[in-house]
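Here are my notes on the helix packing, as numbered points. Please read them with the structure open.

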Amino acid sequence: MRTKDMRRSVAALAALAMAGACTAQGIEVHGGQRQPVRIDGTATPSGTPKQEAGGQAAAGGSGDNDKADGDSDDKGDREQTPPPDASPTPTVAPTVLWAQGDEGLDVRELQARLRQIAWLFTGPTGTYDDPTVQAVRGFQGKRGLPRTGKTDSVTWARLRNMTREPGKWDLYAYGGQPAASPDPRCLTGRVLCISKTSRTLRWMVDGRTLTTVEVRFGSEYTPTREGVFSVYFKSRDHVSTLYDTPMPYAMFFSGGQAVHYSSDFAARGYYGASHGCVNVRDEAKIAQLFGQVRNGDKVVVYW
């Protein structure tokens, strides 16, 4: 009879658990005595995880009360990633080194390098003139650079990579070089003081320089003699009987060698040479000099 009553009690408890959707634990029997049945009434229906006191799912799921991104409880759990910088990196324009109107040795080097690659056919003059602007603009356009006509750092780097370093007489191919100090032998009397080092002629009287002009000498095969001489013959419209070439304003000082005007020197600069004479490229200055120099005046040719 007792066994039948126990079975009825178990069945009743099972029915109660089903009706309340609760989780029932099994009945334990010890020493033939029934133990009280414990029923967990906090479970939720339909298998939904139960909520802890704070409203979060016990199983770790996300409920309606989960905190949003950025709440204080979540800051320690997530690495904070700064937003990307949307502003573009500014483009730095190349530095302008030289432009029209500038003067100096750097401009001479620029012009000499442009001559090497046939972008410039005049100069170097040392002045950033209009032909230089046009040459730079053409060089830039050929290489896809902005055609500004100004030499900036990018243009200069490209030009340097394509050319060799100019020598002294590339820089002064058409004159303009500074004159060397006069030889001590030039400091007294009336002297045509001619320096092979600087390729210049000073017309000096009693140690004072009255005129300075650029000059050109003979080649290695027909060198201009060095030493102290004197003017022994002047010929305004002289023509060389040996080479059949004009020698205007000729002032002879050693055999057939003379100081005179040369149209070839005026046109080609130091890219040519004389047959031993001292060529002058400035016709106006040599004409003036011809009128001042006398026969017997000293001529000093030195390094």
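1. In this predicted model, helix 3 passes helix 4 in a left-handed crossing. Helix 3 spans residues 105–116 and helix 4 residues 130–142; their axes come within 11 Å and cross at roughly 55 degrees. Helix 3 is therefore oblique to helix 4, since an angle counts as roughly parallel under 35 degrees and as roughly perpendicular from 65 to 115.

2. Which residues make this contact? Helix 3 contributes Leu 110, Gln 111 and Leu 114, while helix 4 contributes Thr 132, Ala 135, Val 136 and Phe 139.

3. Ala 135 of helix 4 deserves a separate look. Its relative accessibility is 2%, so Ala 135 counts as buried, the cut-off being under 20%. Leaving aside residues up to four places away in sequence, Ala 135 touches Leu 114, Trp 119 and Leu 120. Leu 114 is one of the helix 3 residues in the contact with helix 4. Phe 121 is 14 residues from Ala 135 in sequence, and the C-alpha to C-alpha separation of the two is 9.2 Å.

4. Helix 5 covers residues 153–162, with Thr 155, Trp 156 and Leu 159 buried. Around the axis these three residues take up an arc of only 95 degrees, so they lie on the same side of helix 5. The buried residues pack against helix 3 and helix 4, and also against strand 5 (96–98) and strand 6 (151–152). Helix 5 thus has both members of the crossing pair among the partners of its buried residues.

5. What lies at the start of helix 5? There, Asp 152 places a side-chain oxygen within 3.0 Å of the backbone nitrogen of Val 154.

6. In helix 8 (residues 283–292), the buried residues are Ile 286, Leu 289 and Phe 290. Viewed down the helix axis they fall within an arc of 105 degrees, and so line one face of helix 8. Ala 284 and Gly 291 are exposed, on the face turned away from the buried side.

7. The packing partners of the buried residues of helix 8 are strands: strand 7 (190–195), strand 8 (200–205), strand 11 (233–239), strand 12 (246–254), strand 13 (257–261) and strand 14 (278–280). For helix 5, by contrast, the partners include helices, namely helix 3 and helix 4.

8. The N-terminal end of helix 8 is capped by Asp 282, which has a side-chain oxygen 3.2 Å from the backbone nitrogen of Ala 284. Ala 284 is also one of the exposed residues on the outward face of helix 8.

Notes: Residues are numbered from 1 along each chain as its sequence is written. This is a predicted model: local features need pLDDT of at least 70, side-chain atom pairs count only at pLDDT 80 or more; totals for chains, interfaces and linings use all residues. Side-chain values use heavy atoms; hydrogens and water are left out. Buried means under 20% relative accessible area, exposed over 50%, partly exposed in between (1.4 Å probe, protein chains only). Helices (H or I, at least four residues) and strands (E, at least two) are DSSP runs, numbered from the N terminus. The arc is that of the directions from the helix axis to the C-beta atoms. Contact means heavy atoms within 4.5 Å. A polar contact is a pair of N or O atoms within 3.5 Å; within protein, one must be able to donate a hydrogen and the other to accept it, and residues adjacent in sequence count only if both atoms are side-chain atoms. Axes are lines fitted to C-alpha atoms, for helices over the stretch in contact, and angles run from 0 to 180 degrees between N-to-C directions. Angles under 35 degrees count as roughly parallel, over 145 as roughly antiparallel, 65 to 115 as roughly perpendicular and the rest as oblique. A crossing is left-handed if the near helix is turned anticlockwise from the far one by less than a right angle, and right-handed if clockwise.
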